[in-house]
Amino acid sequence: MLGFEGAVAVEARGHSGGLAMLWKNKDESVLDDCELHDMELNGYQFTWERGHGTDDWMEIRLDRALVTNSFMNLFAEAKLTNIEISTSDHTPIFLEPVSIVRIVSMTRFRFENAWLRDPMCRKIVEETWELHKGKTLQEKIAICSDILQKWVNESVIHVLTRCSFAILCWDQLDWLRDGQEYSNFAEWLNDVFQKCTAEEVRIVSMVCWCLWKNRNDIVWNQKSSDATTVVYSARNVLDQWQSAQDSFV
């Protein structure tokens, strides 16, 4: 008479209340109409039982968690877990809302005044201005910024890993040779750090610092050192740093 297509009833026993459950076989369409999602249950799939240890033992998943689209968008990693230990005929289910932390990179291009002394920087700016005559000042600045940033990135990995002088320096560290190509210095450094011991990481860091210092001496002071001197200087600075650290222990 009520139009339900299934039913189950449990009589009350002692202080425990009875249970009557009636349903129609149209649950999915109802959930769709209400824009609700039945969350997947982790762990044991039944949440209610009757007659445990008898021939009439029955287990059903009665307890569910229905969530909206907005909830799923906010807590996309949420988990629903069945906590099996319970003194009741129902096992509690635990909904753990886990939100996704979105980190938006806001890195801005920053022009370094030191670049003005590098002839390549001036050439890039002049060629960009000439090539994009019809664009506005702001558009030219944006385009020039992108090109300069790529130039800086390429300059760093070239100076520290690819140029013939850098190769001579790294050749003195036999354990660092792998022949692999990298798109940028950060990728190279991350890979090297994963392969090296703590002591090797320190010497790699010092050699990078001394290579860049040697590059600056060439550009700004017209002075240069040979590869052996650069690596020796790196090891010497590292020894001094280590001695300073030990003195505080």
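**A tour from Cys208 to the S4-S8-S9 sheet**

Select Cys208 to begin: at 8% relative accessibility, this residue counts as buried. The model on display is a predicted one.

Next, show the cysteine sulfurs. With a disulfide defined as two cysteine sulfur atoms within 2.5 Å, the count for this model is zero. Cys208 takes part in no disulfide, and the nearest cysteine sulfur, at 9.6 Å, belongs to Cys210. Move to Cys144, which is also buried, with a relative accessible area of 6%. Its closest cysteine sulfur lies in Cys121 at 7.4 Å, which is too far for a bond.

Now select helix H4, residues 137-162, and within it pick out Lys140. Which side chain of opposite charge is nearest to Lys140? That side chain is Glu130, 8.2 Å away. Lys140 is buried and yet forms no salt bridge. To view the surroundings of Lys140, display Thr128, Trp129, His132, Lys133 and Lys135, with which Lys140 is in contact once neighbours within four places in sequence are set aside.

The final stop is a sheet. Select strands S4, S8 and S9, which form an open, three-stranded sheet in that order, with mixed pairing. Strand S4 (41-42) and strand S9 (93-96) are the edges, each pairing on one side only. Strand S8, residues 79-82, is joined to S9 by four bridges, and the two run antiparallel. How many bridges to look for is thus settled; for the register, select Thr81, which stands opposite Phe94 in S9.

Definitions and conventions. Residues are numbered from 1 along each chain as its sequence is written. This is a predicted model: local features need pLDDT of at least 70, side-chain atom pairs count only at pLDDT 80 or more; totals for chains, interfaces and linings use all residues. Side-chain values use heavy atoms; hydrogens and water are left out. Buried means under 20% relative accessible area, exposed over 50%, partly exposed in between (1.4 Å probe, protein chains only). Lys and Arg count as positive and Asp and Glu as negative; His and the chain ends are not counted. A salt bridge is a side-chain nitrogen of Lys or Arg within 4 Å of a carboxyl oxygen of Asp or Glu. Contact means heavy atoms within 4.5 Å. Two strands pair if DSSP finds at least two bridges between them.
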